[in-house]
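Colleague: Hi! Have you got a few minutes to walk me through this one?

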Amino acid sequence: MEAAATLTLSSSPAAAARRSLARETISALHFCRLPVRSPRLRAAQSPASRALSSGWRRPRRGSGSGLVVRAETFGQLTTGLDSAWNKLRGVDVLSKESIAEPMRDIRRALLEADVSLPVVRRFVSSVSEKALGSDVIRGIRPEQQLVKIVHDELVQLMGGEVSDLVFARTGPTVILLAGLQGVGKTTVCAKLAFYLKKLGKSCMLVAADVYRPAAIDQLTVLGEQVGVPVYSEGTAAKPAEITKNAVEEAKRNNIDAIVVDTAGRLQIDKAMMVELKEVKKAVNPTEILLVVDAMTGQEAAALVTTFNIEIGISGAILTKLDGDSRGGAALSVKEVSGKPIKFVGRGERMEDLELFYPDRMAQRVLGMGDVLSFVEKAQEVVRQEDTMELQKKILSAKFDFNDFLKQTQNVAKMGSMSRVIGMIPGMNKITPAQIREAEKKLAFVESMINAMTAEEREKPELLAESRERRIRVAEESEKTEQEVGQLVAQLFQMRAQMQKLMGMMQGQEAIAGMGDLVDSLNADEKAPPGTARRRRRRSEPPRQRELEAVGGAQ
Ligand SMILES: Nc1nc2c(ncn2[C@@H]2O[C@H](COP(=O)(O)OP(=O)(O)OP(=O)(O)O)[C@@H](O)[C@H]2O)c(=O)[nH]1
């Protein structure tokens, strides 16, 4: 059963975002000519995929759609775990003997990911215990059983539930940020303000790093960028005093939350701790969050422990997860320090701070990707009205080059091409070279579209009908007439495919998710020579036939 990969058609924003995401990825991939593979094929290959998409796993609330994707991070850890499942192939039951080698692989994979030794020991012992105590379940292979156990243990290891921000019942919520130099504290201040604004809360940033005038300037610039006020008293006042005054200012202006940026030091020193304690005493913050760099691995977990013992913190923010290929910090912080990771930073842009979901992270570690986070991103960048407008255009076969440009821009807003592609079902085998190739192809296509007049973009028929126009676009974009012709033909093919997909979406209450979208896209590409063309001739308007004459359908 592929229940986990089912998208339900509804009018909710999430469903609209999913549909729009499907269209965007499909159009971008179509133009890039990237090999799209069905997630169902993958599911047939990987025990991890099978275990989590077999229906045996009941997706919990907020735990994601369960679509199978290989994310770009934690490659080595994921591969290490994969080798553990592979050792169980051909084994009938989980026994002390049969799990010995897989458990060694799991242990090695975690240690190589820089998870601290005591955590690894506890984890391996707990997984072994559960594996040996688990019943034989008909239809579930031992390797799938082990994946499920490891998944659940990973979720527990990282705290189980998402740990959201706590807000003050009365008065402004005070969020105090601490951390060593360069971990991304100042950037996190602005990202948090951006996050709070999205929640509909008014926010103010407080410059309490009095040792580096440049830090105050940086915060001021970031505050302007996010559109929130920055409270500063320069470098002469003491951080505790500044913060206390900032709270008063926030009260006067009915501001919901303030985020306090404190000084970072190269290592933990006494003065830093004393200063933080003074701020804590002065304003009794609602949240004290330690910002740590994911790339420092288990050291990050040790830092959280030390700060918690010294100051008493409420949680951690893990930055630079996008640059961390090991995953040790994410896996160790909660278990080592007892404090949850509340947010993760996954890039330098303001929108790259996300709540930390242990179950989504566990899926990433297991190579399952994180479609839900991706859908949320899509929701943020794709306006609901645009989605409806686009839907109308697709249904009436009016999808044009302007829509195409808008969609590629939307995909770009979600992050780098590699990140976007890493989260698309079935795209896990795409190499960096192919991604670079795809980026080049998009730039290639965009240059032709940019050379079109507004009218041509809106009515591609004009280009189909006029050789002169195609030659002009070719000359202006420094491409050949044949390339322009192919692009126009592709747009008409896309119109037909999108109409077909939208028809599927509208005609059924629930459709198989990306799998079916991708399959249906591939169906035309993989059809034996001649058959796809014949099908089109029967079902598509005469315009399509004209276009095939323009520059070749493929
Ligand atoms: N890739 C990536 N870069 C990040 C992330 N968070 C912060 N950065 C970058 O890290 C660098 C340091 O960030 P800052 O915010 O200045 O660090 P800080 O902790 O305030 O530094 P001090 O003020 O010196 O203590 C900047 O270039 C940020 O853009 C992240 O999640 N991912």
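Modeller: Sure, and one term before we start: a residue is called buried when its relative accessible area is under 20%, and exposed when that value is over 50%. Ser 126 has a relative accessible area of 15%, so it counts as buried. Please keep in mind that this is a predicted model.

Colleague: Where does Ser 126 sit?

Modeller: Ser 126 is part of helix α6. Its C-alpha atom is 7.8 Å from that of Glu 153, a residue 27 places away along the chain.

Colleague: Okay, let's step back. How many helices and strands does the protein chain have?

Modeller: The protein chain has 26 helices and ten strands. It runs to 554 residues, of which 56% count as buried.

Colleague: And the contacts, what share of them join residues at least 24 apart?

Modeller: Taking contacts between residues at least 6 apart in sequence, 77% join residues at least 24 apart.

Colleague: What about confidence? What's the average pLDDT?

Modeller: The average for the protein chain is 76, and 66% of the residues score at least 70. Residues 1–18 stay under 50, and the model gives them 46 contacts beyond four places in sequence. Residues 49–72 are also below 50, with 87 contacts beyond near neighbours in sequence. As for the global scores, ipTM is 0.95 and pTM is 0.64.

Colleague: Good to know. Now to helix α5: how far apart are its end C-alpha atoms?

Modeller: They are 24 Å apart. Helix α5 covers residues 96–112, and at 1.5 Å a residue its 17 residues should span 24 Å, so the two values agree.

Colleague: There's a kink in α5 too. Where is it centred?

Modeller: On Pro 102, with an angle of about 25°. Pro 102 is also one of the buried residues of α5, which include Ile 99, Met 103, Asp 105 and Ile 106.

Colleague: Which helices do those buried residues pack against?

Modeller: They pack against α4 (75–86), α6 (117–133), α7 (142–157) and α13 (328–337). Just after α5 comes Asp 114, with a positive phi of about 70°.

Colleague: You mentioned α13. Is that helix mostly covered or mostly open?

Modeller: Mostly covered: seven of the ten residues in α13 are buried. Among them are Gly 328, Leu 331, Val 333 and Ser 337. Right after α13, Gly 338 has a positive phi of about 80°.

Colleague: And α7, what's Gln 144 doing there?

Modeller: Gln 144 lies in α7 and is buried, at 5% relative accessibility. Its side chain reaches the backbone nitrogen of Arg 141 at 2.9 Å.

Colleague: Back to phi for a moment. Why remark on a positive value at all?

Modeller: Because most residues other than glycine have a negative phi.

Colleague: Fair enough. Where is Asn 284 found?

Modeller: Asn 284 is in the loop between α11 (270–283) and β6 (287–293). Its phi is positive, about 45°, although it is not a glycine. Asn 284 is exposed, with a relative accessible area of 60%.

Colleague: And Lys 320, what is its phi?

Modeller: Near 60°, again a positive value in a residue other than glycine. Lys 320 sits in the loop between β7 (315–319) and α13. With a relative accessible area of 29%, Lys 320 is partly exposed.

Colleague: Changing topic: which residues come nearest to the ligand?

Modeller: Lys 185, Thr 186, Thr 187, Arg 212 and Asp 322 come nearest, out of 19 residues around the ligand. For Asp 322, a side-chain N or O atom is 2.8 Å from a nitrogen atom of the ligand.

Colleague: Which residues lie at an oxygen atom of the ligand?

Modeller: Glu 348 is one, with a polar side-chain atom 2.8 Å from a ligand oxygen atom. Val 183 places a backbone N or O atom 3.1 Å from an oxygen atom of the ligand.

Colleague: Last one, then. Is Leu 266 buried or exposed?

Modeller: Exposed, at 67% relative accessibility. Leu 266 belongs to the loop between β5 (257–262) and α11. Leaving aside neighbours within four places in sequence, Leu 266 is in contact with Leu 180 and Gln 181. Its C-alpha atom is 9.4 Å from that of Gly 179, which is 87 residues away along the chain.

Colleague: Lovely, thanks for the tour!

Note on methods: Residues are numbered from 1 along each chain as its sequence is written. Side-chain values use heavy atoms; hydrogens and water are left out. Helices (H or I, at least four residues) and strands (E, at least two) are DSSP runs, numbered from the N terminus. The expected span of a helix is 1.5 Å times one less than its number of residues. The bend at a residue is the angle between axes fitted to the seven residues ending there and the seven starting there. Buried means under 20% relative accessible area, exposed over 50%, partly exposed in between (1.4 Å probe, protein chains only). Contact means heavy atoms within 4.5 Å. pLDDT is the predictor's confidence in each residue, from 0 to 100. A residue is near a molecule or strand if one of its heavy atoms lies within 4 Å of it. A polar contact is a pair of N or O atoms within 3.5 Å; within protein, one must be able to donate a hydrogen and the other to accept it, and residues adjacent in sequence count only if both atoms are side-chain atoms.
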